[in-house]
Every structure is written in C-alpha cells, then in structure tokens.
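Here is a short round of questions and answers on one protein chain. Keep the structure in view and check each step against it.

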Amino acid sequence: MLYFLRHGESEANVLGVFSNRGFQHGLTEKGIKQAEECREKLSSIAFQAIYTSPLQRTVETARIVSRGKGVEVQVEPRLVEFDVGVLEGRGDPESWQTFSGLWKEWFLQNNHHARLDGGESLEDVHARFFELVEHVGEQQQQDPQAHFLFVSHGGTLSCTLPFLFTDFPAEIIRSEPLGNCQWVTGFLQGDQWYCHRWGQTLLHELPSG
C-alpha cells in the first residue's frame with residue numbers, strides 16, 4: 001500500500017505565499033500538532049520506507065510522523081511542490097490569479113505543456129513523480145504487503161494522483177481538496193494503481209487475499 005500524505009499547516013499556508021523552493025516556512029504550532037495526531041493515527045502501520053519532499057514543512061512533518069517507527073526518513077526531490085517560477089515568494093492577489101490561470105490551462109484546456117516563466121509544466125511534474133512511484137512499485141510487486149509513505153504537497157499530489165490511479169473520479173480534487181496532514185492510499189492490482197481512500201472517502205475496496 002502506498003500512503004501519500006500532505007504536510008501539516010505551514011507558515012507559508014498562513015501567509016498565503018508561494019514557497020516551493022529552498023528551506024523556509026516550516027510548520028506552525030498547529031501544523032506540528034496535526035503531524036503528531038497523524039503519527040498516532042498511523043501508529044499501527046509499519047512502513048518499509050518513508051520518503052519526503054526536501055521542503056522544510058514536509059521534512060518536519062515526516063520526522064514527526066516517523067518517530068518510533070525505526071525507519072529513516074529519505075529526502076526525495078521528486079516529491080517537491082511544483083515550481084511556480086516567477087511567482088515564487090509572492091502572495092498578492094494578482095499572483096494567485098496567474099496561478100489559477102495555469103491550473104485551468106492544465107485541467108480545463110488539457111495543455112500539459114503550459115508553464116509559468118521559470119517554472120514547471122504538468123509534464124515535468126508527472127515525469128519526476130511517476131518515476132519515483134514506478135521505482136517503489138517494483139518493490140511493492142516483490143512484497144505486496146509492504147507499506148510506503150510519501151510526504152508531499154497539496155499541489156503536487158492533486159496534479160499527479162488523478163493521472164496515476166485507474167477509474168479515479170477527478171472531480172474529487174475540487175470537491176474534497178486534501179487538508180493539511182490528510183492522506184491518500186493506493187494499491188497495486190496487476191499493473192494498475194487504484195485509489196483506496198482519498199482523505200475520508202473510500203473509492204475502491206482492497207482486493208481480497
């Protein structure tokens with residue numbers, strides 16, 4: 001089983017700024033509490049590996065969630081939030097309007113080549129993210145009972161997982177956006193990935209046996 005976890009509330013979330021590079025804007029006190037509560041909820045899961053985006057908010061979340069599990073957190077650049085280029089560090093209404101325009105290009109006009117100046121296209125994000133999932137998927141095939149945790153970001157998870165999972169209801173991205181420290185679970189059946197749960201919503205039953 002794969003677990004895709006969004007980080008706890010960060011300073012960037014509170015400030016409303018794009019902070020997708022470097023190592024800044026860590027967890028707020030609320031975010032730390034969310035990560036601690038998440039650790040308790042996942043306490044019964046023995047993860048074979050825990051991977052985290054290199055940004056401060058995800059690293060801090062992963063370290064909290066991993067406490068007591070005896071598994072070293074591995075920093076994995078392919079899980080980073082997608083690069084918004086010239087919008088980095090901004091938080092003004094115009095920048096968010098520009099960002100919304102990019103999102104519409106990707107999902108309403110199916111222009112996966114679109115990018116902001118200095119940023120990533122949807123194709124770029126997919127290439128790095130799916131490369132990692134494919135690598136872990138090979139380990140999953142060898143040990144179907146193994147569990148893997150990926151600590152990442154709302155943007156990256158929302159623009160990749162709908163394309164990873166078979167029979168995935170894409171509208172859930174808009175109707176039930178992932179909150180801080182909510183997670184998605186997915187399982188491999190044959191050569192296809194299916195979404196078991198998106199947050200609190202059950203999408204596919206686990207295969208028997």
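Q: What percentage of the 209 residues of the protein chain count as buried?
A: This is a predicted model. A residue counts as buried when its relative accessible area is under 20%. Of the 209 residues of the protein chain, the share that passes this test is 52%.

Q: What radius of gyration does the protein chain have, and what does the globule rule give for 209 residues?
A: The C-alpha atoms fill a box of roughly 50 × 40 × 30 Å along the principal axes. For 209 residues, a compact globule would have a radius of gyration near 17 Å. The chain agrees with that rule, because its own value is 17 Å.

Q: How many helices and how many strands does the protein chain have?
A: Read the elements from the N terminus: β-α-α-β-α-β-α-α-β-α-α-β-β-β. Now count each kind. The protein chain has seven helices and seven strands.

Q: In what order do the seven strands lie in the open sheet?
A: Strands of a sheet pair through backbone hydrogen bonds, either parallel or antiparallel. Here the pairing is mixed. The order in the open sheet is β3-β2-β4-β1-β5-β6-β7.

Q: Which are the edge strands of the sheet?
A: Look for strands that pair on one side only. One end of the order is β3 and the other is β7. The edge strands are therefore β3 and β7 (201-202).

Q: Which residue of β7 stands opposite Trp198?
A: Strand β6 covers residues 192-198. Two bridges join β6 to β7, and these strands run antiparallel. Opposite Trp198 stands Thr201.

Q: In β4, which residue is the bridge partner of Leu2?
A: β1 and β4 pair in the parallel sense over five bridges. Tyr3 stands opposite Leu149 in β4. For Leu2, the bridge partner in β4 is Phe148.

Q: In β4, which residue is the bridge partner of Tyr51?
A: β4 also pairs with β2. That pairing is parallel and has five bridges. The partner of Tyr51 in β4 is Phe150.

Q: How many of the six residues of β4 are buried?
A: In the sheet, β4 sits between β2 and β1. β4 is largely enclosed by the rest of the structure, because so many of its residues are buried. The count for its six residues is five.

Q: Which residue of β5 stands opposite Leu5?
A: β5 covers residues 183-189. Four bridges join β1 to β5, and the two strands run antiparallel. Opposite Leu5 stands Trp183.

Q: Which residues of β1 point one way, and which point the other way?
A: β1 is mostly covered, with five of its five residues buried. Its side chains divide into two groups, and all are buried. Leu2, Phe4 and Arg6 point one way, and the other way point Tyr3 and Leu5.

Q: How many of the eleven residues of helix α3 are buried?
A: α3 spans residues 56-66 and is mostly covered. What covers its buried residues includes β1, α2, β2, β3 and β4. Among the buried residues are Val59, Ala62 and Ile64. Of the eleven, the number buried is nine.

Q: Which residue just after α3 takes a positive phi?
A: Go just past the end of the helix. The phi there is about 80°. The residue is Gly68.

Q: Is Pro93 buried or exposed?
A: Pro93 lies in helix α4, residues 93-107. Its relative accessible area is 70%. The cut-off for exposed is over 50%. Pro93 is therefore exposed.

Q: How far apart in space are Pro93 and Gly16, C-alpha to C-alpha?
A: In sequence, these two residues are 77 residues apart. In space, the C-alpha to C-alpha distance is 9.8 Å.

Q: At what angle do the axes of α4 and α6 cross?
A: α6 covers residues 154-164, and the two axes come within 13 Å. Angles under 35 degrees count as roughly parallel, so this helix pair is roughly parallel. The contact is made by Trp103, Trp106 and Phe107 of α4 and Gly155, Ser158, Cys159 and Phe163 of α6. The axes cross at roughly 5°.

Terms used. Residues numbered from 1 in each chain as written. Heavy atoms only, no water. Buried < 20%, exposed > 50% of the residue type's maximum accessible area, 1.4 Å probe, protein only. Contact = heavy atoms within 4.5 Å. Axes fitted to C-alpha atoms, helices over the stretch in contact; angles between N-to-C directions. Parallel < 35°, antiparallel > 145°, perpendicular 65-115°, else oblique. Rg over C-alpha atoms; globule rule 2.2 N^0.38 Å.
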